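Here's a short set of exercises to work through with the viewer open. Try each task yourself before you read its solution.

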Amino acid sequence: MTLETPRLLLRYWEESDAPALFRCASDPEIGRWTGFPPHTGVADSRDTIRRVLCGPLCFAVVPRETDEPVGCIELMPCSDARSVPSLRDAELGYWVGVPFWGRGYITEAAEALLEYGFGHKGLKTVWCGYFEGNERSRRVQEKLGFRPHHTEPPTERRPHLSYVSCLTAEEWRKRAK
């Protein structure tokens, strides 16, 4: 499956994307905001494509003019029973390589994925979070209409305070009109 926007293709990751993934994911700045360690080689990136970036709604963010992934976006089933009131809830996750910050790629990609999730998959609520200090991600969520819901304290796996936001199908429909 491929989703298209005016500037982007959202397509499934392919093993041949490993060098492009490595170029972006080896930057420690990405790991700082996503919580994953920097990739150490193309083999590490290839393994990540095989094991992690293989979900049914996990897409490479590919600008049309480059035909090479510059980031990732995914809608995942929610697994946190504390904050998930419905089986029709999903979590939105995303990142984009540092050289591509500030170009609006993730906002554009997320709008397409939200359209698919709410409009075609019948999602009720989409959750999204960001680490304390990640103002870029906070602004993306604001632009998309997410509203603050709660915070989660740091853990061993997530060493930062996390802010969790949500967007309901009803809120999305009002915004989309």
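**Exercise 1.** Is Cys24 buried or exposed? Then work out whether the cysteines here form disulfides.

*Solution.* Keep in mind that you're looking at a predicted model.

Step 1: check the accessibility. Cys24 has a relative accessible area of 7%, which is under the 20% cut-off for buried, so Cys24 is buried.

Step 2: look for a partner. The closest cysteine sulfur to that of Cys24 sits in Cys72, 11 Å away, and that's too far for a bond.

Step 3: do the same for Cys58. Its accessibility is just 1%, so Cys58 counts as buried. The nearest cysteine sulfur is again in Cys72, at 3.7 Å. A disulfide needs the two sulfurs within 2.5 Å, so this pair is too far for a bond as well.

Step 4: confirm with a full search. Scanning the whole structure turns up 0 disulfides.

**Exercise 2.** Sort out the overall fold: how many helices and strands are there, and in what order do the strands line up in the sheet?

*Solution.* Step 1: count the elements. The protein chain has 6 helices and 8 strands.

Step 2: read them off from the N terminus, which gives β-β-α-α-α-β-β-β-α-β-α-β-β-α.

Step 3: arrange the strands. You get an open sheet with mixed pairing, ordered S1-S2-S3-S4-S5-S6-S8-S7. Its edges are S1 (2-4) and S7 (147-152), each of which pairs on one side only. From one strand to the next, the twist averages 25 degrees.

Step 4: zoom in on one pair. S4 (residues 71-77) and S5 (residues 89-96) run antiparallel and are joined by 7 bridges. Gly71 stands opposite Val96 in S5.

**Exercise 3.** Find out what helix H4 lies across, and test its length against what you'd expect.

*Solution.* Step 1: locate the helix. H4 covers residues 105-119 and lies across several strands, including S1, S2, S3 and S4, at about 25 degrees to S4.

Step 2: test the length. At 1.5 Å a residue, 15 residues should span 21 Å, and the end C-alpha atoms of H4 are 21 Å apart, so the two agree.

Step 3: check the burial. H4 is mostly covered, with 12 of its 15 residues buried. Among them are Tyr105, Leu113, Tyr116 and Phe118.

**Exercise 4.** Where does Arg175 sit, and what does it touch beyond its sequence neighbours?

*Solution.* Step 1: place the residue. Arg175 belongs to helix H6, and H6 (residues 169-176) lies across S7 and S8, at about 70 degrees to S8.

Step 2: classify the exposure. Arg175 comes out at 37% relative accessibility, so it counts as partly exposed.

Step 3: list the contacts. Leaving out residues up to four places away in sequence, Arg175 touches Glu111, Lys143, Leu144 and Gly145. As for Val164, 11 residues away along the chain, its C-alpha atom is 20 Å from that of Arg175.

**Exercise 5.** Which radius of gyration would a compact globule with 177 residues have, and what does the chain give?

*Solution.* Step 1: compare the values. The globule rule predicts a radius near 16 Å and the protein chain has 16 Å, so they agree.

Step 2: add the extents. The C-alpha trace spans about 40 × 40 × 30 Å along its principal axes.

Step 3: look at burial and contacts. Buried residues make up 46% of the chain. Of the contacts with a separation of 6 or more, 63% link residues 24 or more positions apart.

How values were computed:
Residues are numbered from 1 along each chain as its sequence is written. This is a predicted model: local features need pLDDT of at least 70, side-chain atom pairs count only at pLDDT 80 or more; totals for chains, interfaces and linings use all residues. Side-chain values use heavy atoms; hydrogens and water are left out. Buried means under 20% relative accessible area, exposed over 50%, partly exposed in between (1.4 Å probe, protein chains only). Two strands pair if DSSP finds at least two bridges between them. Helices (H or I, at least four residues) and strands (E, at least two) are DSSP runs, numbered from the N terminus. Axes are lines fitted to C-alpha atoms, for helices over the stretch in contact, and angles run from 0 to 180 degrees between N-to-C directions. Contact means heavy atoms within 4.5 Å. The expected span of a helix is 1.5 Å times one less than its number of residues. The radius of gyration is taken over C-alpha atoms; the globule rule is 2.2 Å times the number of residues to the power 0.38.
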